[in-house]
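Student: Got a minute to go through this one with me? I'd like to start with burial and then move on to charges.
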Amino acid sequence: MVSLLLLLLLLLLLPAPVQLWAQLEDTCQWQVVLNKYQTLGEGNERFFNQEPVSDVDKYFEELVDSPIDHEETYWGFPYFLKINFTCPGENSEAFVRGGHLKGLIPIVLVTFYAPVNFRRWKAERLQIEMKGAPFRRHGEGPPQEACVMNWYTPMPMKNGTVVMEVEISSNQVGELIGDTRYMININGFLKKDKDKLIFTLGSEVTAMTHRHFINAPSRPVWATVDQAPVLILGGIPEEKMILISDSSFRDISLVELSINSCWLGSLHCPQEHFTATIYDTISTESVLFIRQNQLVYYFTGNYFNGPVSFHGESNWVQVLHSHCIKKLCPVEFHSNGSEYILALAGGDQEGFFHFGIITGSPLQLPFSEKGPPCWLHWVVYDMKENTFLLLMDGVETLGEGRGMLPGEIHCSSAGSLADNDMDFVMLLGMEAYTDYPLVPKGLFYNPFTHLLLIWGNAILQSYDNKNYIYMARFPKESSIKYMVGSYRGQVIFVTENEEIWFIVEGSFKVHRLYPSDGWQTFFTLSQMQASSLYSTNETSVSIFYDRMGPQQLVYLVNKKGEGKLVKRPLPVNQILVYQLLGLTYPATLSYNNPCPFELMQLKDLPNPQRYTRVERYRAMPPFVSSDAGFHTEVSLAIYQGLVYHLLSLHAKYNKPYADPVHDPTWRWWKDKKQHQAFYFYKASNFESMYGVHIEMDGYEKLYKLNSQNRLPEYIYLDKGTIYTAGPPLSPSFPLADNFLGQKRHLRLAVIMADPMCVSATVKEQALVNRNAMLFQVRWAKRTVGDWEQWLNLVFLSYPQLFPLPLSLPFSHFLGQGNDMIPIFIGCPPGKRLAFDVTLTLQQNKETNKRYFDCVYPDPEMPCFLFSDPFFPFFLIQDMVTGESGSFNGSYVLKVIGGGASKYNIVDYSEADIYRYNSPKDDTDSLIWTVKDNWMDSHSFSILRYNSSGIEWLCLENSPCHDIIPKHIFSPDFYFKIMVSNRDVDTSTYCDYQLTFLLHVHGLPLSPRRALFFLGVSLSFSCPSPSLAFISFYIFWCFFWPGLKKWWSHFKWKVNDIIMAGEGGPRAS
């Protein structure tokens, strides 16, 4: 008790870091729900409708004198985001109104997560930033109730994306409210039934009772990381019920599943007892899996929005009918456009497992049987190596060098190791340290760091699947029942008696979070603050990681006996801080700083978009001519239509011909910018329709985002790309005393999972005047590789300093002591190849000394003359940074289709493509050729930036030979051209491919057809001047090319003779 009082006194004397207090206190917090346009300000909608609405178009039709295209049809999204904030102990509505009057505006940032199936949907990283529009809902009742206001923004959607993150921040005016993040996902397991929203997979249970959670063990949440829009959790005792949520368990529903519970025990599949409990649950992007007894079911959701609908199943579908399944194992990452699931067999099929692949739409779910006959505990799928890691009994050696681990390994006793103050033991082989047996239960594998953990009544750690480290601090009396990881360096595991343990990847220490002195201190403080997230009577339901960090799902029972299910952050950092304070200050007050440094800052960081490849748009609400600044239903509908149109421009922007400004919004406003002052004049004089003014500068793409002195969440490195960062550290001791000739106590370590692929260089500089050390880190690609690379920054100190903060986010550097960044080596998303028609026209004019366009020119598709050499140029457009530059690499150009009209293009077969494009063709079918011909392995010409021009041939057997003219002008032809640098360009990792139409005019007639025209004309010749002119024209078109060629040859011969004659006397 004395120690606890001293500790509480210490906390009062020494204020904790700002981040710590922000999580302890129930401060003002942003709240967000979904509303429909018809019911703005009422209720909380569920996100299930994926169809756009057309109601907003009627308002755009009336917007005269506005910078919009009236020929467009404007659509809207089905939902709005209703935003307000709450403060404890205060009138929420009054606070919101006060914040609005003070100038407070919420800023909403919606992040769209890339879909799994990149073959059908565009794989990109996209964000849109919007400002909240204040709207006052009028109603009946007293005046204070009739002016309830909230902020609203459209809730945008993107084709193929079902997982969205909404981050709300303030404009730093008015009330001080911290940033808040929510997951708002599409729920494809809901449908409308007689104006009522119901679940398609079962019946919703309205009331949650104590028997559903109390005395029930906690269980893991298994899902594809960052891809599953709907999370489910089973384990309800003796009930075929699951918990389901589309907001990462912020909102939770209890659903009784519509499955037939059958007793199917047999001799080949024995069952100890029948139960209705759903044991294993796994969520993927569009499919949910459950296991009840030995039966496995799946349910397909109603996805996706877009051109092709993906309608889900109406009932649960049973798979692996004739197999005895004892366990489902998750595969928490997707790969190659597919998701995966593993099912372990039992009974007579013990030792075999089934591997399921989830891909495509409609759903394809083939299961393949694998595995040797043995006792399987767990299976992990390594997507990078395309191998399986098996935890099994009955094998003497490691199968395939990496896959099999014997279950009868004997490990050292944790008790004897603790007496010697040892944290770990390195197992070099099959040595037996003790007779206490290892009871393995499962595997945890991080594919980025190559960390493999074997867990059960012990923890074994390995980075090569051969040599293992025994974590001796974990007591052998405890047994782990499940383990969850952040895949960013932290792992949490829960034991059978509900203890919570924590480790950091690369560290040899294990820390017990619950029960512990640190947990008790944190819990006491939360009770002193009357926190609604903690209770003396609570049951842990699950622990999992999401985008906001470690989370805990708990069932709380208040003093009145009422229970509720809540999700709360698992305070790992705070618990470890209190553990540290309890170890450092056991009985007396001390102000010595146990940390090797007081502050870490990042400076001179480059703009993040070049490396994170995140595209961001900004959409501001239209200006309204209202005294109080409140919007109306019409202005919100217009806001909805503008945001929808902005994202549709982004989705449709795939022009093969490069615009002068390669921005999707450029064509939206390019003809309206000159009238911008007029539109503003109309609005300022309250003459705009509906009192709405659309500011064109408020809808744009952002290219120069600031790093805000934070490391990027991930980094993309192409060939030759380098990322540099410099974190200066402020030591907790005077630096000048140790500056000259003495060792410094601060170090920066860079730990890489694949050092042969990425190189890191660290430069150290002492900033004596600032009492800081500056470390400049430079990361670059080393060798060829297209995989994900994790990089770990750890700030090291010498042993005489307190070692605990080295790898844990403790105390004064919460979240800063250890940072992990994924590095993707390959082609950065957001880059595209485009036909640079502007430079092509300029170069052709300069080289050919002329340019003849079509008789009827098309500004979108200029013409090129058949008889002139064609010099194509291409651009690499970076849609993330807005930069562009000439493509200087090698490429292959093929004509893959064509036609006499752009509305009648015919695609050629592979054999025809070879005949029309390969210089090795001997069938007189070539369409084009180049002088400096260089062929690759596929016998196609390889072109380069400075290669000679293309000469059009259109030989006798080509499709562009002898085109019949349809009018008095010469024939023309549209070539469908494909350009690709695949396998021929070594300057980048990107495989670019571009397909575009090229209009060529002035194609010559074949000699036979020209003579035919001449004969027909002469046969009808008469003294008429018009017929004589026509005959002369045809004669001229037939003989002029040959005569011109003969005359050029004659001039060359005469010039050669003259030059030879002039050179003779000088030579003598």
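Tutor: Sure. For burial, a residue is called buried under 20% relative accessible area, exposed over 50%, and partly exposed in between. Keep in mind that this is a predicted model.

Student: OK, so is K682 buried or exposed?
Tutor: K682 counts as buried, because its relative accessibility is 15%.

Student: And which residues of helix α12 are buried?
Tutor: Helix α12 covers residues 676-684, and Y679, K682 and A683 are buried there. They span an arc of only 95 degrees around the axis, so they sit on the same side of α12. That goes with the general rule: an α-helix has 3.6 residues a turn, so residues three or four places apart point the same way.

Student: What covers them?
Tutor: The cover over the buried residues of α12 includes β42 (692-693). Just after the helix, by the way, F686 has a positive phi of about 55 degrees.

Student: Back to K682. Which side chain does it meet in a salt bridge?
Tutor: D65, with N to O at 3.4 Å. K682 is in helix α12 and D65 in the loop between α3 (57-61) and β2 (80-86), so the pair ties together parts that are 617 residues apart in sequence. D65 counts as partly exposed, because it has 38% relative accessibility.

Student: How many salt bridges are there in the whole structure?
Tutor: A search finds 35. Another of them is E165 with R181, where the closest N and O atoms are 3.1 Å apart. E165 is in strand β7 (residues 164-170) and R181 in strand β8 (residues 180-183), so that pair ties together parts 16 residues apart in sequence.

Student: Are those two buried or exposed?
Tutor: E165 counts as buried at 5% relative accessibility, while R181 is partly exposed at 31%. Shared partners join E165, R181, D226, R488, R547 and E713 into one network of salt bridges.

Student: Now D718. Where is it?
Tutor: In the loop between β44 (715-717) and β45 (722-725). D718 is buried yet has no salt bridge.

Student: Huh. How far away is the nearest side chain of opposite charge?
Tutor: That's K831, at 4.1 Å. The salt-bridge cut-off is 4 Å between a side-chain nitrogen of Lys or Arg and a carboxyl oxygen of Asp or Glu, so this pair isn't counted.

Student: Then what does the side chain of D718 reach?
Tutor: The backbone nitrogen of Y989, at 3.1 Å. Beyond four places in sequence, D718 is in contact with G826, P828, K831, T988, Y989 and C990.

Student: Switching topic: what's around A345?
Tutor: A345 is in strand β21 (residues 339-345), and at 1% relative accessibility A345 counts as buried. Leaving out residues up to four places away, A345 touches C324, I325, K326, E350, G351, F352, F353 and H354. The C-alpha atoms of A345 and I325 are 4.4 Å apart, with their positions 20 residues apart along the chain.

Student: Last thing: what's the mean pLDDT of the chain?
Tutor: It's 79, and 78% of the residues reach 70 or more. Residues 141-146 stay under 50, with six contacts beyond four places in sequence. Residues 1063-1068 also stay under 50, with zero such contacts. Where pLDDT is low, the predicted coordinates should not be read in detail.

Conventions. Residues numbered from 1 in each chain as written. Predicted model: local features only at pLDDT ≥ 70, side-chain atom pairs only at ≥ 80, totals over all residues. Heavy atoms only, no water. Helix = DSSP H or I, 4+ residues; strand = E, 2+ residues; numbered from the N terminus. Buried < 20%, exposed > 50% of the residue type's maximum accessible area, 1.4 Å probe, protein only. Lys, Arg positive; Asp, Glu negative; His and termini not counted. Polar contact = N/O pair within 3.5 Å; in protein donor to acceptor, adjacent residues only side chain to side chain. Contact = heavy atoms within 4.5 Å. pLDDT = per-residue confidence, 0-100. Arc of directions from axis to C-beta.
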